[in-house]
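Student: Could you take me through one helix closely, and then show me how it fits with the rest of the chain? Short steps, please.

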Amino acid sequence: MTAVNLLDFDLDGLAAYCATLGEKRFRAVQLMRWIHQRGEADFDRMSDLAKSLRAKLAGVAEVRALPVISEHRSADGTVKWLFDVGAGNAIETVFIPEDDRGTLCVSSQAGCAVGCRFCSTGHQGFSRNLSTGEILAQLWHAEHSLRRAGVSRPGPDPRVITNVVMMGMGEPLQNYAAVIPALRVMLDDHAYGLSRRRVTVSTSGMVAKIDTLREECPVALAVSLHAPDDALRDELVPLNRKDGLAALLQACKRYLERAPRDFITFEYCMLDGVNDSDAQARALLELVSARGPAGRVPCKFNLIPFNPFPQSGLKRSPMARVQAFAQVLMDGGLVTTVRKTRGDDIDAACGQLAGEVQDRTRVQERLVRLPLPRVGASGRGAAAQQRG
Ligand code: SF4
């Protein structure tokens, strides 16, 4: 019999499991604290658990860590883990330390079915959804291995990871059922106790699921936009063909009614000659203004220098172009940041390490054959991003 993985449960799930063992809810709270706050996996060392409960758990339950294939540490403090999730699949998790925060970028799927044109993960195709336990095992391992390695933050709070972004491999809203309990554990005061503002789901724009997330677990939302018009976004983010930009922006507006932040973050990957012209920046301003299809959408833009990978056929916009593009957005009144490239010495672009493990589907060949409109060639523009 396979042991039950306690990382698969949020508090209600753990309480329900404890009930099957004849145990009260407060035992679930104790377990939650030992596992997630203290990083303990050995029931025998959970000293305030009743001996009878430890005996019941032995052999039928476990805290199932993911095997680590590799751990790369960048000179800038970025740490990237490659985890084995079986059947030749690997996922990536990245820790990014900054002065005021420690951010963990977590994967939600092995591969991704969305197939964004500029994304290394998208080029590898889709293998499977991760379980809640596999999503949380990334956070569990990162938090506690960093602590054991002596990484700390100023002040008495022992937590190294202060922010989680679901921006690694996969489209989190395509794995909704597993992601929601994982989010709840991240937010739970008996586990990681992160505020809703510090947990971000990043989506390529699944409109119906954005509405569901708004009802069930409204955390911060980032949307991978990458293009100012449907023609270009259809090419770069194929999911766009289903709903289109107008419906996506309307969903963003609805989300803001319950979001913990009063803006949506739009991610925009800067691709040389594809989506980086001043005219495209002005089109973005128009898109999120009162004259746009959803009216004014309170937002900020995060411009991401494209991290080239061999099969993409795309180039990073020159930094001067990125800055000029940002200036147009800022002159139009939008808060705009340019993401610093981190961990260049360890292949920080999401999907690059896992892509070296395998390419399951030949999707790479299909994607590199897709033509992209060029700036000036069609009179509109073009765009893209990569995750991670
Ligand atoms: S950018 Fe995100 S949604 Fe698009 S292919 Fe990559 S992982 Fe999937």
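**A close look at helix α5**

Tutor: In this predicted model, 12 of the 17 residues of α5 are buried, so the helix is largely enclosed by the rest of the structure. Here are the buried ones. They are T132, G133, E134, I135, L136, A137, Q138, L139, W140, A142, E143 and H144.

Next, check the length. From its first C-alpha to its last, α5 reaches 24 Å. That is close to the 24 Å expected for its 17 residues at 1.5 Å a residue. Just after the helix comes G150, with a positive phi of about 90°.

Now place α5 in the core. The largest nonpolar core has 100 residues. Within it, L139, V164, M186 and M270 touch the most other members. Helix α5 (residues 132–148) gives the most to this core, with six residues. There is a general pattern behind this kind of grouping: in soluble globular proteins, nonpolar side chains tend to be buried together.

Step back to the whole chain for a moment. Its secondary structure comes to 13 helices and 14 strands. Of its 388 residues, 48% are buried. Look at the contacts with a separation of 6 or more: 71% of them join residues 24 or more positions apart.

Follow M270 out of the core list. Neighbours within four places in sequence are left aside here. M270 is then in contact with D276, L303, I304, P305, F306, S317, V322 and F325. Two names on that list lead to another helix: V322 and F325 are buried residues of α11, as is L329. Seen down the axis of α11, the buried residues fall within an arc of 65°, so they line one face of the helix.

What covers that buried face? The cover includes β12 (264–270), α10 (278–287), β13 (299–305) and β14 (335–338). Turn to the other side of α11, and A320, Q323 and D331 are exposed.

The length check works for α11 too. This helix has 13 residues, 319–331, and should span 18 Å at 1.5 Å a residue. Its end C-alpha atoms are 18 Å apart, which agrees. Just after α11, G333 takes a positive phi of about 95°.

Two other helices are worth a stop. Start with α6 (residues 176–187), where L183 lies. L183 has 25 other C-beta atoms within 10 Å, so this residue is buried; the cut-off is 20 or more. Leave out residues up to four places away in sequence, and L183 touches V199, C217 and V219. L183 and V201 are 18 residues apart in sequence, yet their C-alpha atoms are 9.1 Å apart in space.

V201 turns up again with the next helix. L213 sits in α7 (residues 207–216). L213 touches L173, V201 and P218, again not counting residues up to four places away. With 25 C-beta neighbours inside 10 Å, L213 counts as buried. Its C-alpha atom is separated by 8.3 Å from that of I180, 33 residues apart along the chain.

Now look at two loops. G150 and G333 both have a positive phi, as you saw. A87 has a positive phi too, of about 55°, although A87 is not a glycine. A87 lies in the loop between β4 (79–84) and β5 (90–98). Is A87 buried or exposed? A87 has 10 C-beta neighbours inside 10 Å, so this residue counts as exposed.

H226 is not a glycine either, and has a positive phi of about 70°. Its place is the loop between β11 (220–224) and α8 (230–236). H226 has 31 C-beta neighbours inside 10 Å, so H226 counts as buried.

One last stop is the ligand. How many residues surround the ligand? The shell has 13 residues, and the closest are C112, V114, C116, C119 and G122. By class, five residues of the shell are nonpolar, six are polar and two are charged.

Back to where you began. Helix α5 is largely enclosed, because 12 of its 17 residues are buried. The helix also gives six residues to the largest nonpolar core, the most of any contributor. L139, one of its buried residues, is among the core residues that touch the most other members.

Methods
Residues numbered from 1 in each chain as written. Predicted model: local features only at pLDDT ≥ 70, side-chain atom pairs only at ≥ 80, totals over all residues. Helix = DSSP H or I, 4+ residues; strand = E, 2+ residues; numbered from the N terminus. Expected span 1.5 Å × (residues − 1). Arc of directions from axis to C-beta. Contact = placed C-beta atoms within 7 Å. Near = placed C-beta within 6 Å. Nonpolar A, V, L, I, M, F, W, Y, C, P; charged D, E, K, R; others polar. Core = buried A, V, L, I, M, F, W, Y, C linked by C-beta atoms within 7 Å.
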